[in-house]
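Reader: I'd like to learn how to read a structure feature by feature. Take me through this one, please.

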Amino acid sequence: ALVVSMVRIVGNPKKRYITASLSLATILGVFVSYLQLTSLLGGLELDLPPGLAEIVEVLQVFNLDLSVIKFDCVYGRSVQAAILQKPLILFATFALLAGVWSGANIIKNRLVPSSPRRVLLNCIGFTTNISFVPIAMNGFSMFNCYPHPDGGSSMVLLPDVLCYEDVWTSQVLPWGAVSLSVSCLSFTILAFLAYTSPTMGQATQNVSFLLARFRPESYTWNTCMLTRNLILAAAPSLSHNSYLKIFIMTVVLISYGSAVLVYRPWKIPIHNNADFCSTVALMLTLCASAGMSRTPGFQQSGPDQGSAAWDFLRLAALVPFLATAVLIVALMFVTHRTRNTDIHKERFDSMLNLLFKTAKSTTQVAGAPDKRSTMLALENNSLNLSLYDMEDICKACRLVDEILMGKFSATSSRSGSKRRASATADVVVLGE
């Protein structure tokens, strides 16, 4: 049923009921990604309290971990099965999608209508997006080890395998490299398709799984999400120090959440809110879990106080304070030098010039009002506006100008980069 629904949604993106389904699927995808990332707590060497430990264990199902279902009792447990399980599930899903698509084109019934090949490719791309976190976690799992009290370490995934010993070198490393290459190849292909979409013919149809959810100027946001997921998936394997792991993951989540607030990449505002709220929720869970770490604190770490992990954490605690102090002093110096300059008025005048520059068609349709009188009226009311208001006005005038000109090819991102019209074909042109 899920496969049939996916084919119908991807194959008919223009229908209204499919649009509602796509919106619901987007929120569901954000929630599934949140659950997948929450399951990373299982690899951070934490003594989770009862209840949360069981939840994290159940969430492993979203990471394609079939060991939760206890299939090991039937087919046994081997190194190859444990490492290649998730990539094989992904490839089996690809085969199932291809079978459903081929059968639909042969049978041609109303339940699953026939569709072009791009529908199958979009389904495969959508599945790769959803399964990227578990595939990346699986690839880095060969480096995720926990230390023994008497020295040495074992894999978290396979506790009976000693890290960097004979079995690990002869069996885990080769198969782990294959699994890691799958995630790296998936990331490379998806990033390449996203960055080349502006020059791709019919991009909104051929790679709709990358572009349909995001605003035109945020066509590379899927790559940002994959980068976040890749770093978070690799974090549990970076060190034995769980405090360092939590710190790195928190920095990544803060950066991503801030970017969501600044760029608002999702087409529907509620999707931006859902993405940001799930990011904050995961940060709070990580911060609360820091107190449950099995890693001894700094004062109790003894000889390990001079390790690279603790050195990094000491710098991470000191550098932000020093950087903020230097920034405040620099801002005070700059403000002192410009105390006799009306910065607001200079910026406001520049924004007014930009306003008239980007609203040529608007002023022409309105009867070409006198620029001086309009500027005088705006300057008289400048105290009631802020520079943020002027930026919004300029954006609105630019949008109206492009509508009246009958094109959206000049739509620019916040960084000022230009995109070709082929990547913005999903925007409805209102006039020429």
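Author: Let's begin with aromatic pairs: rings of Phe, Tyr and Trp (its six-membered ring) pair if their centres lie within 6.5 Å, with planes under 30 degrees apart counted as stacked, over 60 as edge-to-face and the rest as tilted. A pair of aromatic rings is described by the distance of the centres and the angle of the planes. Before we look, note that this is a predicted model, where local features need pLDDT of at least 70 and side-chain atom pairs pLDDT 80 or more, while totals for chains, interfaces and linings use all residues. Numbering runs from 1 along each chain as its sequence is written, and side-chain values use heavy atoms, without hydrogens or water.

Reader: How many aromatic pairs does a search of the whole structure find?

Author: The search turns up 8. One of them is Phe91 with Phe94, a tilted pair at 6.1 Å centre to centre and 55° between the planes. Both sit in helix H5 (residues 79-107), and being 3 residues apart, they are separated by about one helical turn. Helices here are DSSP runs (H or I, at least four residues) and strands are runs of E (at least two), numbered from the N terminus.

Reader: Are Phe91 and Phe94 buried or partly exposed?

Author: One of each. Phe94 counts as buried at 17% relative accessibility, whereas Phe91 is partly exposed at 41%. The cut-offs: buried is under 20% relative accessible area, exposed is over 50%, and partly exposed is in between (1.4 Å probe, protein chains only).

Reader: Which pair has its ring centres 5.6 Å apart?

Author: That's Trp221 and Tyr256; their planes stand at 35°, so this pair is tilted. Trp221 in helix H11 (residues 221-234) and Tyr256 in helix H12 (residues 242-263) are 35 residues apart, so to speak a link between distant parts of the chain. Trp221 is buried at 7%, and Tyr256 is buried at 5%.

Reader: Which residues do ring pairs link into a cluster?

Author: Phe143, Tyr164 and Trp168. Tyr164 is worth a second look for its backbone. Most residues other than glycine have a negative phi, and most peptide bonds are trans. Tyr164 has a positive phi, near 65°. It lies in the loop between strand S2 (153-155) and H8, and is partly exposed at 48%.

Reader: Where is Arg264, whose phi is also a positive value?

Author: In the loop between H12 and H13. Its phi is near 45°, and Arg264 is partly exposed at 33% relative accessibility.

Reader: Now that we've reached H13, how many residues does it have?

Author: Helix H13 (residues 269-289) has 21 residues and spans 30 Å from first C-alpha to last, close to the 30 Å expected at 1.5 Å a residue. That expectation is 1.5 Å times one less than the number of residues. As for burial, its buried residues include His271, Asp275, Leu282 and Leu286. Looking down the axis, the buried residues of H13 fall within an arc of 135°, so they line one face of the helix. The arc is taken from the directions from the helix axis to the C-beta atoms. On the face of H13 turned away from the buried side are the exposed residues Pro269, Cys277 and Leu284.

Reader: What about charges: which side chains meet in a salt bridge?

Author: Side chains of opposite charge can pair when their charged atoms come close. The cut-off is a side-chain nitrogen of Lys or Arg within 4 Å of a carboxyl oxygen of Asp or Glu. A search of the whole structure finds 1 salt bridge: Glu217 with Arg215, at 2.2 Å, N to O. Glu217 is partly exposed, at 23%.

Reader: Which glycines count as buried?

Author: Two to look at are Gly139 at 0% and Gly176 at 1%. Gly139 is in helix H7 (residues 132-140), with its C-alpha 8.0 Å from that of Val182, 43 residues apart along the chain. Gly176 lies in helix H8 (residues 166-196); its C-alpha is 8.9 Å from that of Gln80, 96 residues apart in sequence.

Reader: And which residues form a nonpolar patch on the surface?

Author: Leu327, Ile328, Leu331 and Met332, with about 410 Å² of accessible area together. Patch members have over 30% relative accessible area and no salt bridge; like charges are joined within 9 Å, and nonpolar side chains (Val, Leu, Ile, Met, Phe, Trp, Tyr) within 5 Å. Areas come from the Shrake-Rupley method with a 1.4 Å probe, and for residues only the protein chains shown count as cover. Ile328 lies in helix H14 (residues 308-337) and is partly exposed at 44%.
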